[in-house]
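Reader: I have a model open and would like to learn how to read its features one at a time. Could you walk me through it?

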Amino acid sequence: MRIDVVTIFPEYLAPLDVSLVGKARARGLLDVRLHDLRAYTGDIHRTVDDTPCGGGPGMVMKPEPWTDALEDIAPPGADGPAPRLIVPTPSGRPFTQALAGELAEEPWLVFAPARYEGIDRRVFDEAGTRMRVDEVSIGDYVLAGGEVAVLVMVEAVARLLPGVLGNAESHRDDSFAPGAMDNLLEGPVYTKPAEWRGREVPEVLLSGHHGRIARWRRDEALRRTAAMRPELLARLAPGTLDKHDRKL
Ligand code: SAM
């Protein structure tokens with residue numbers, strides 16, 4: 001997968017060199033390209049923002065550098081499919097595990113993290129004529145800029161790419177994973193020793209009995225979801241609860 005990120009702070013994306021994403025890049029599974037938006041400005045001050053039309057506080061990012069950058073990365077009329085443009089914004093659709101899975105299927109993503117009060121709307125109206133544009137929020141709070149949101153999304157997407165996780169099954173049981181864990185949170189996890197400071201690992205996890213372990217994990221996932229995110233239980237598709245679930 002190819003990922004381009006346009007930002008006024010390329011150095012903010014340094015964590016993309018580290019750990020799982022860094023390794024995926026080193027192994028050629030992920031091609032990440034960072035672009036400095038200021039390289040697409042034409043004035044001596046390398047200006048990327050201006051006052052908002054209609055007045056009000058703050059500044060708005062100018063359309064020209066953004067569109068020049070996007071057209072340099074994905075030239076209009078070029079052969080081949082256009083990328084999907086992801087615009088982090090608190091007013092976007094929520095970023096979920098389902099959306100991460102959808103984005104992991106794409107061959108090419110371009111991220112446009114903003115600063116200030118955001119980017120002039122016309123940039124996305126224009127881009128939308130030749131590529132899919134998704135405005136995405138990573139949560140109901142406001143960050144100073146979209147770079148952190150890009151780090152969040154790239155990491156969530158990268159770990160779903162084939163070959164990135166050592167064990168291809170390890171994301172199957174994650175909270176929110178499509179299938180059995182859809183709309184469920186993972187329950188508690190334990191490792192050795194079996195007893196530590198007088199606290200014991202639940203006996204069932206040491207039993208070697210796969211059926212009982214799966215049942216216990218399912219029960220704990222349901223309990224945790226009910227305790228932490230009861231609204232998720234209400235969203236479980238009809239028929240996804242078995243008769244043991246319903247007893248809980
Ligand atoms: N005035 C904007 C609003 O109220 O929606 C907030 C702008 S915020 C200070 C600057 C930038 O940070 C946004 O344009 C976006 O790129 C990023 N950002 C802030 N919060 C975000 C969130 N929850 N999800 C995704 N991106 C966010």
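Author: Sure, and let's start with the vocabulary: helices (H or I, at least four residues) and strands (E, at least two) are DSSP runs, numbered from the N terminus. With those labels, Val142 sits in the loop between strand E7 (133–137) and H5. Keep in mind that this is a predicted model.

Reader: What pLDDT does the chain average, and what are ipTM and pTM?

Author: The chain averages a pLDDT of 95, and 100% of the residues score at least 70. For the model, ipTM is 0.99 and pTM is 0.95.

Reader: Back to that loop, then. Is Val142 buried or exposed?

Author: The trick is to count neighbours: a residue is buried with 20 or more other C-beta atoms within 10 Å, and exposed with 12 or fewer. Val142 counts as exposed because it has 9 C-beta neighbours inside 10 Å. Leu143 is found in the loop between E7 and H5 as well, but it has 16 such neighbours and therefore counts as partly exposed. Leaving out residues up to four places away in sequence, Leu143 touches Val148 and Ala149.

Reader: Which residues does the UniProt "binding site" annotation cover?

Author: The record, an unreviewed entry, lists Ile138, Gly139, Asp140, Tyr141, Val142 and Leu143. UniProt annotations may be inferred rather than shown by experiment. In the model, 19 residues surround the ligand, and Leu143 is among those that come nearest, along with Pro88, Ala114, Gly146 and Ala149.

Reader: Which element gives the most to that shell, and how do its residues divide by type?

Author: E5 gives the most, with four residues. By type, the shell has ten nonpolar, seven polar and two charged residues.

Reader: How should I read a nonpolar core?

Author: In soluble globular proteins, nonpolar side chains tend to be buried together. Here the largest nonpolar core has 42 residues, and those with the most contacts inside it are Ile3, Trp66, Phe111, Ala112, Val150, Met153 and Val154. The elements giving two or more residues to this core include strand E1 (2–7), helix H2 (63–73), strand E5 (84–94) and H5. H5 supplies the largest share, seven residues.

Reader: Take Phe111 as a test case. Which residues does Phe111 touch?

Author: Setting aside residues up to four places away in sequence, Phe111 touches Ile3, Val5, Ile86 and Val150.

Reader: Now the backbone. What counts as out of the ordinary there?

Author: Most residues other than glycine have a negative phi, and most peptide bonds are trans. Arg46 has a positive phi of about 55° although it is not a glycine, and Tyr116 also has a positive phi of about 55°.

Reader: Where do Arg46 and Tyr116 lie?

Author: Arg46 is in the loop between strand E2 (31–36) and strand E3 (49–50). With 14 other C-beta atoms within 10 Å, Arg46 is partly exposed. Tyr116 belongs to the loop between strand E6 (108–111) and helix H4 (122–127), and its 16 C-beta neighbours inside 10 Å make it partly exposed.

Reader: And where is the cis peptide bond?

Author: Look between Lys192 and Pro193, where omega is about 5°. Pro193 lies in the loop between helix H5 (147–158) and strand E8 (195–196).

Reader: Last one: which residues does UniProt list for the domain?

Author: The unreviewed entry lists residues 1–234 for "domain: tRNA methyltransferase TRMD/TRM10-type". In the model, the end C-alpha atoms of that span lie 35 Å apart, and the span is 29% helix and 17% strand.

Notes
Residues are numbered from 1 along each chain as its sequence is written. This is a predicted model: local features need pLDDT of at least 70, side-chain atom pairs count only at pLDDT 80 or more; totals for chains, interfaces and linings use all residues. pLDDT is the predictor's confidence in each residue, from 0 to 100. A nonpolar core is a set of buried Ala, Val, Leu, Ile, Met, Phe, Trp, Tyr and Cys residues joined through C-beta atoms within 7 Å. Two residues are in contact if their C-beta atoms, placed from the backbone, lie within 7 Å. A residue is near a molecule or strand if its C-beta atom, placed from the backbone, lies within 6 Å of it. Ala, Val, Leu, Ile, Met, Phe, Trp, Tyr, Cys and Pro count as nonpolar, Asp, Glu, Lys and Arg as charged, and the others, Gly among them, as polar.
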